[in-house]
Amino acid sequence: MYLEEIIDSVQLEDDRIECKSRLNREDIIGWLKSIAGFANASGGDFYIGVEDKTNKLIGFDRKEADSERNYLNNQINEHLVPIPPMKISFMRYEIKENERFIIHVQISEAAVKPVILKYKGVPSIFMRRDGFTNGATYEEIIEMSVKSRNTQYDILPSDRKYEASEFNTLREFYTAHNNGRVLTEKALQSMGFYNEEGLLANGVVLFEDHYQGKKTEVQCSVFSGFHKGSERIVTINRFHGDIISVINYMMEFVTQRMNHSMIKLGNTRKNIDAYPQRALFEGVINAVAHRDYFLDGTQIQVDMFRDRLEISSPGSFYRGEKLGKTYDLSGIISKRRNELIASVLVSCNVMEAAGTGFDKIIEEYAGADEAHRPYIYSSSDHFTLVLPDLTYMDGVEDSQFPILSYVPVPNGTIYDDKVLSFCYYQAHKVSEIAEYLGISDSSYLRKQVLGNLEENQYLEKSKVSRAMYFKTNREMVEVS
């Protein structure tokens, strides 16, 4: 049998059709590039269980078809970014009274381009043209980027139908933050909850009561000291669910574990929280609202240290300024990455209609000294809000030096974190390192601390004139 016997209007392989008898485990790129190429072009149909060129049906039995489909899904999720829009289905046929199946993958044109194939750490971009898949040209990559630069994940349509009964958690949250008012159907429609066919927008799916996807995943951790690298992890919890439940989970995680302290104001004593509730809430809402939901396999990270709380969200500031580290929170200009999600949170009265809400954080820390000033740092793939612990009197430790993450050093010492941070941006002499650490320039420092770091390749040593300098090996650490 041939493919055209069970499907009308099928031609031999053209720019929108490709067939494979099996997915080659030894040449994953050979077929993954076709799926990426279809998504970067105008879409196409990919058939598995069909002989290449001839369209002869090879097929699978039921168990084989299910296994091949699972393998396909796993490889796509692992190697394609962003995951292209597609639908996988089984097509049944009979031959000599035996049941057989082929797999039909319908790939739609990606709204966000280019779809990148990453294999063994090497990214590649492919394009489908005239029945063949080849590397995309520079001009094609530019054109793809221009066309998709304004596309937002949350406003794209999903394949889920609107059911009013699936949004009870959102309605309760809205009522609680709007003096008892009820979230109406008219309000939902005005925000673009669903289209004329009743299909939910992607961002709305994340608010459904029973949402269990990983798009909303958060990881909350408590560390015993000041850094991730070599400190003991006291607690690490992961959670995913609807957006409102995720917000509540992060708030409860921090609130239940943060410190409290009594301070004396005149003749009265006042209890203060490590992190002001309003500042904490603004930080959590900001992380959810500005998260890049296109980035699969990521999570919001809430990390509690002895001196501070860090809330990190996947994705840099959307179409805003490039930031390193800044204390000027009110001066940050960042456009909304998720218009629909932001609109829902604004309607719930938990997010400002204009601006980032960082002004409220500044207000909550207005009476704090320089060592307790909140700040933000941003990179190409995440942004982090740092809230100093107001009950930790010394403020944020070593705030002028980077916070590093790294695999613990074999036979490491309590000085490793400070040495690596101190020497990250600039090489230093042993005497300078000793002065910074507040210890003597001893054989212990030179052999047990610096010598061990050098031996394990965390420090690089160089000689200038008669002095020996040490600098952190950036390949062994990364800035948190």
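## Strand pairing and the β4–β5 hairpin

Two strands count as paired if DSSP finds at least two bridges between them. In this predicted model, β4 (86–95) and strand β5 (residues 98–107) pair in the antiparallel sense over 10 bridges. Two individual bridges help to place the register of this pair: R92 has F101 of β5 as its bridge partner, and I95 has N98 of β5 as its partner. The two strands form a hairpin with two residues between them, and K96, which sits in the turn, has a positive phi of about 55 degrees. As background to that last value, most residues other than glycine have a negative phi.

The hairpin belongs to an open sheet of four strands, which follow the order β1-β2-β5-β4 with mixed pairing. The edge strands of this sheet are β1 (17–20) and β4, each of which pairs on one side only. From one strand to the next, the twist averages 20 degrees.

## Helices α2 and α3

Helix α2 (residues 28–40) lies across three strands of the sheet, namely β1, β2 (44–48) and β5, and runs at about 160 degrees to β2. What is the angle at which the axes of α2 and α3 cross? The crossing is at roughly 80 degrees, and the two axes come within 11 Å. Since angles of 65 to 115 degrees count as roughly perpendicular, α2 is therefore roughly perpendicular to α3.

On the α2 side, the contact is made by I28, W31, L32 and I35, and on the α3 side by Y71, L72, Q75, I76 and H79. By class, the residues of this contact comprise seven nonpolar and two polar, with no charged residue among them.

## Helices α13 and α14

A second helix pair is found further along the chain, formed by α13 (residues 430–437) and α14 (residues 443–455), which pack at an angle of about 85 degrees with their axes 11 Å apart. These two helices are therefore also described as roughly perpendicular to each other.

In this pair, V430, I433, A434 and L437 of α13 meet L445, R446 and L450 of α14. The contact of α13 with α14 divides into six nonpolar residues, no polar residue and one charged residue.

## Backbone features outside the hairpin

Two cis peptide bonds can be described. One runs from V81 to P82, with omega near -10 degrees, and P82 is placed in the loop between β3 (80–81) and β4. Another joins K113 and P114, where omega is about 0 degrees, and P114 lies in the loop between β5 and β6 (116–119). For context, most peptide bonds are trans.

N55 is a residue other than glycine with a positive phi, near 70 degrees. The position of N55 is in the loop between β2 and α3.

## The largest pocket

The largest pocket has a volume of about 1,100 Å³. Its lining consists of 30 residues, of which I83, P84, P85, M86 and N202 are the closest to the centre of the pocket. By class, the lining divides into 16 nonpolar, seven polar and seven charged residues.

Which elements supply at least two residues each to this lining? They are α3 (62–79), β4 (86–95), β9 (157–161) and α7 (202–205). Of the contributions to the lining, the largest share, four residues, comes from β9. The pocket thus connects with elements described above, in that β4 is an edge strand of the four-stranded sheet and residues of α3 take part in the contact with α2.

## Enclosed cavities

How many cavities of 30 Å³ or more does a search of the whole structure find? The search finds two, and the largest cavity holds about 40 Å³ of space.

The lining of the largest cavity is formed by K215, T216, I243, V246, V288, R291, Y293 and I300. These lining residues divide by class into five nonpolar, one polar and two charged.

Methods: Residues numbered from 1 in each chain as written. Predicted model: local features only at pLDDT ≥ 70, side-chain atom pairs only at ≥ 80, totals over all residues. Heavy atoms only, no water. Axes fitted to C-alpha atoms, helices over the stretch in contact; angles between N-to-C directions. Parallel < 35°, antiparallel > 145°, perpendicular 65-115°, else oblique. Contact = heavy atoms within 4.5 Å. Nonpolar A, V, L, I, M, F, W, Y, C, P; charged D, E, K, R; others polar. 1 Å grid on protein atoms, 1.4 Å probe; cavity = no way out; pocket = protein on both sides within 12 Å on 5 of 7 lines; lining within 4 Å. Points joined across faces, edges and corners; volume = space filled by probe spheres on them.
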